[in-house]
Amino acid sequence: MNDLFADFDDGLPQREDLAAGVVLLRGFAREQTASLLLAVAQITQASPFRQMSTPGGYRMSVAMSNCGALGWIADSQGYRYAARDPLNNHAWPAMPEVFLALARSAALEAGFADFLPDVCLINRYAPGTKLSMHQDKDEADFSAPIVSISLGLPAIFLLGGLQRNHPSQRIGLSHGDVLVWGGPARLRYHGVLALKQDSHAELGACRINLTFRQAA
DNA sequence: CAGTACCT
DNA sequence: GCGT
């Protein structure tokens, strides 16, 4: 048994307070996973997954797309939000109602009322891909929380402190789990360890993460 | 895999 | 320093 990945087989979704301002909602999205994945397929037909480059000139292993009024992008110029997809110069696809409703209800359940995200960053992880420790700090104000929905293969999320050299705790995230952090935790460093080689019943060798933010 | 140097 |  691995207690990083708790079961929710025979109960309602579990709320777990991991730290001040950090709430893990195990299985919170489990009834909506098919709808979410269908919407991801539609969004990424218009704005395909792509591996962005960091300002330092390295390609990120995780492939990304966005929906909503704004999208998070990285390139040689830096990290920022843009209203248009640089791949096609079109507006990002609209945020589906099921995304907005789920993100809002998860935020409320975690204690953050009136969350109105204008961005959903969609991250696609294959086995071996990862996200190094970073802060989400490209948003205009930090009063709104971050809502993160996990789909497909499990991953180990690293929750660090407010400084890069602080120790991190490992959080196992599985299909349908939702992690919310905000308030005193809003600027905590975080990352994702390289995915293990594995296969998910619905998604195959793939993890999809939806990150909701209020950027403007 | 955590710590660290890297140098845009 | 969302990279190696």
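A polar contact is a pair of N or O atoms within 3.5 Å; within protein, one atom must be able to donate a hydrogen and the other to accept it. The side chain of Arg84 meets this criterion, because one of its polar atoms lies 2.5 Å from the backbone oxygen of Asn89. The structure in which this pair occurs is a predicted model.

**Overall architecture**

Chain A contains two helices and 13 strands. Its radius of gyration is 16 Å, close to the 17 Å that the globule rule gives for 216 residues, so chain A is as compact as a globular protein of that length. The C-alpha trace spans about 45 × 35 × 35 Å along its principal axes. Of the 216 residues in chain A, 51% are buried. When contacts between residues at least 6 apart in sequence are considered, 72% of them join residues at least 24 apart.

The exposed area of chain A is about 10,200 Å², and 52% of this area is supplied by carbon and sulfur atoms. Chain A carries 18 positive and 20 negative charges, and the mean positions of the two sets are 9 Å apart.

**The loop between E5 and H2**

Arg84 is found in the loop that runs between strand E5 and helix H2. Asn89 is placed in the loop between strand E5 (78-82) and helix H2 (97-109). Not counting residues up to four places away in sequence, Arg84 touches Asn89, His90, Ala91 and Trp92. With a relative accessibility of 48%, Arg84 counts as partly exposed, because that class lies between the 20% and 50% limits. Asn89, at a relative accessible area of 53%, is exposed. Arg84 is also separated from Cys206 by 122 residues in sequence and by 26 Å in space, C-alpha to C-alpha.

**Positive phi values**

Most residues other than glycine have a negative phi. Against this background, Asn89 has a positive phi, near 60°. Asp114 likewise shows a positive phi near 60° and is not a glycine. Asp114 belongs to the loop between H2 and strand E6 (119-125), and its relative accessible area of 65% makes it exposed.

**Two buried loop residues**

Is Glu139 buried or exposed? At 5% relative accessibility, Glu139 counts as buried, because the limit for that class is 20%. Glu139 is located in the loop between strand E7 (131-134) and strand E8 (146-152). Its side chain reaches the backbone nitrogen of Lys137 at 3.5 Å. Beyond residues up to four places away in sequence, Glu139 touches Tyr81, Arg186, Arg213, Gln214 and Ala215.

His200 lies in the loop between strand E12 (190-192) and strand E13 (207-213). His200 is buried, with a relative accessible area of 14%. Leaving aside neighbours within four places in sequence, His200 is in contact with Gly152, Leu153 and His175. The side chain of His200 also reaches the backbone nitrogen of Leu203, at 3.2 Å.

The polar contacts described above are collected here.

| Side chain | Backbone partner | Distance |
|---|---|---|
| Arg84 | oxygen of Asn89 | 2.5 Å |
| Glu139 | nitrogen of Lys137 | 3.5 Å |
| His200 | nitrogen of Leu203 | 3.2 Å |

Methods:
Residues numbered from 1 in each chain as written. Chains lettered and ligands numbered in written order. Predicted model: local features only at pLDDT ≥ 70, side-chain atom pairs only at ≥ 80, totals over all residues. Heavy atoms only, no water. Helix = DSSP H or I, 4+ residues; strand = E, 2+ residues; numbered from the N terminus. Rg over C-alpha atoms; globule rule 2.2 N^0.38 Å. Buried < 20%, exposed > 50% of the residue type's maximum accessible area, 1.4 Å probe, protein only. Contact = heavy atoms within 4.5 Å. Areas by Shrake-Rupley, 256 points an atom, 1.4 Å probe, with all protein chains shown as cover. Lys, Arg positive; Asp, Glu negative; His and termini not counted. Charge placed at Lys NZ, Arg CZ, Asp CG, Glu CD.
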